[in-house]
Structure formats: C-alpha cells, structure tokens
Amino acid sequence: MAHYNLEKIIAARTDKTIYCDGDKVIKVMGHSYPASDVLSEALNLASVGETPLKVPKLLEVTQVEGKWAIVWEYVAGHTLAELIEKHPERFDEYLERFVDIQLEVHRFSASRLPLLTEKLHRKIRASGLDATVRYELHTRLDSLPKHTKLCHGDFNPSNIIITENNEAYVIDWSHATQGNASADAVQTYLLFYLAGKIDAAEKYLNLFCKKSDTAKQYVQKWISIISASRLVKAKPEEKEFLLHWANVVEYE
Ligand SMILES: Nc1ncnc2c1ncn2[C@@H]1O[C@H](COP(=O)(O)OP(=O)(O)O)[C@@H](O)[C@H]1O
Ligand SMILES: [Mg+2]
C-alpha cells in the first residue's frame, strides 16, 4: 500500500476529500462510503480510459487511514468552472467548448458501463413518487430510444480540466453509463438549473440541440424522467423543483 502526503487539499466535500501529492490525485472517501461505489467509480474511469478520450490515468484503488481512496494522475490546468469564474466575459466561448467536449464524449461507447435506462428505472422506483406518476414515468422511459452512447452523467464545468496546451480532460466518471445522449444533456441542463444558473441552463440546452442537430422537444421528453431520478439524492432545497418537473405529465 503506497503512502501519500495528504497536506494539499484541492477540493473538500461532505463525504470525500480530494488531495494532490506531486503528480497524483488522491480522492479519499468518507468512512460510510460503500466499497461498491468506490470500485465502480474506479472501474468506470478504467473503462473510459480505454477509449481515445483524454482522462486521467487510473493508478490505484487503496485505503488511506482506513478509508477507501482512488488514485489517478494529476492534470495540470484549470477547470472550465474556474475559467468561467475568472473570465465571465468569455462565457459564450467556454460554453461552445463545453458542448463540443460533451458531443465528443457521446461519440464513444464503453460496454462495461451500466445501462442508463436500467439505472433510471431503478431510481424512479426509489423516487418516493406515487404509483400513478411512477407508472407514467416508467412507460415514458420505455418509449424513448435506448442508445448505448457514453454518457458522463455529471457533465458540468467543474469536471473538465483545460491544460496549458489547451487540451480538455474530462474527470469524475462516477456517474458514467451507456445511454441516450439527450438524457445526458438533460442531466447537465438540470445541474445548471439547480445551481441557480437558469440563463446558462437555457443557453446550454439550445446550443446542445443546435450542435447535435437534435429537436428540443425530443430532449425535453427526458426532463420528467431525469428529474424523478434525481429525487433519490436531492438536497431539501432541490426537492420542490424536481417534484414539479417530475410530475409534469404533458409537454407537447
Ligand atoms: N486529475 C486531476 N487533476 C487535477 N485536478 C483534479 C483531478 N481530479 C480532480 N481534480 C480537482 O478536484 C475536483 C474534484 O474532483 P472530482 O473527481 O470531480 O470529485 P467530486 O466527485 O467531488 O466532484 C475537480 O473539480 C478538480 O478541481
Ligand atoms: Mg466533480
């Protein structure tokens, strides 16, 4: 078991801390973090690492002070979130880049990853919504095309690192699946929306539709399903919004 210097914190969350030691990043999970989640995050990263996409190389899954940890290569640069904060006047340019990278991800597939539709059915079942609404959502999900494109699942500007050479690395593959790209776009739309960035959310979705040549009505068919699926781990302040979207039965 390797020993790491955990003096330099790069990000702290409630249930995990991300450290940097030289050319390595160590993501240390909290004590209650299920081992299966740790191993699936590592497996996802390893699987995506087998595509031509630029992702940090997985180095090790280990234990640090009795807690699970995943170790991968450090990528020097700035996240798109940091760049947007630093240069808000360049937002449109960064958003273009953001969508281009997501479309690049969707070009690939990774057959080891879980199927998005199965994950969504499971989350609808656990959503706490009443049986009538759940039935509607399961039926709607079954009626939507089942693709097997690589979906990041948490595609947001903090999960993209732009290097000094202007290369884009996509990180944080814990939610990756194989599924329909429009569902992945709706995840991103909701991430902007839930962060209070409503204008960015709308701009993002319009740009995604334009660049992927997808009808907005088609993408919007996923909103109720993705909202319902997010109820399982929603923060209290997100619940009302998600419930509203999950219960919307008709868009057309
Ligand atoms: N390989 C890496 N190189 C440089 N910074 C990284 C790397 N991996 C993660 N980070 C930094 O740590 C932050 C959190 O890592 P991430 O894997 O996205 O964890 P979380 O699940 O908490 O979002 C990222 O937003 C980024 O700033
Ligand atoms: Mg992240």
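I began with the residue bridged to I162, and found A168 in β9 as the partner. This is a predicted model, in which local features need pLDDT of at least 70, side-chain atom pairs count only at pLDDT 80 or more, and totals for chains, interfaces and linings use all residues. Residues are numbered from 1 along each chain as its sequence is written, chains are lettered from A and ligands numbered from 1 in the order in which they are written, and side-chain values use heavy atoms, with hydrogens and water left out.

**Small sheet**

I then looked at the strands around that bridge. Strand β8 (residues 160–162) is joined to β9 by three bridges, and the two run antiparallel. I take strands as DSSP runs of E with at least two residues, and helices as runs of H or I with at least four, both numbered from the N terminus. Two strands count as paired if DSSP finds at least two bridges between them. β6, β8 and β9 form an open sheet of three strands in the order β6-β8-β9, with antiparallel pairing. β6 (78–79) and β9 (168–170) are the edge strands, each pairing on one side only.

**Five-stranded sheet**

Next I traced the order β1-β2-β3-β5-β4, an open sheet of five strands with antiparallel pairing. β1 (9–12) and β4 (58–64) each have a single partner strand, so one side of each is left without a neighbour in the sheet. Neighbouring strands here are turned by 20° against each other on average, direction ignored. Axes are lines fitted to C-alpha atoms, for helices over the stretch in contact, and angles run from 0 to 180 degrees between N-to-C directions.

At one edge, β1 pairs with strand β2 (residues 16–21) in the antiparallel sense over three bridges. I9 has Y19 of β2 as its bridge partner. The connection from β1 to β2 is a hairpin through three residues.

At the other edge, I counted six bridges between β4 and strand β5 (residues 67–73), again antiparallel. V61 stands opposite I70 in β5.

I also checked what covers this sheet. Helix α1 (residues 35–48) lies across β3 (24–29), β4 and β5, and runs at about 10° to β5. Contact means heavy atoms within 4.5 Å.

**Helix pairs**

I looked up α4 (residues 116–125) and α5 (residues 131–143), whose axes come within 10 Å and cross at roughly 175°. That makes α4 roughly antiparallel to α5. Angles under 35 degrees count as roughly parallel, over 145 as roughly antiparallel, 65 to 115 as roughly perpendicular and the rest as oblique. On the α4 side the contact is made by T117, L120, H121, I124 and R125, and on the α5 side by R134, L137, H138, L141 and D142.

For α9 (residues 223–230) and α10 (residues 236–247), I noted axes that come within 7 Å and cross at roughly 140°. That makes α9 oblique to α10. I223, S224, S227, A228 and R230 of α9 meet L242, W245 and A246 of α10.

**Whole chain**

I closed with the totals: the protein has ten helices and ten strands. Its radius of gyration is 18 Å, close to the 18 Å that the globule rule gives for 252 residues, so the protein is as compact as a globular protein of that length. The radius is taken over C-alpha atoms, and the rule is 2.2 Å times the number of residues to the power 0.38. Along the principal axes, the C-alpha atoms fill a box of roughly 55 × 40 × 35 Å.
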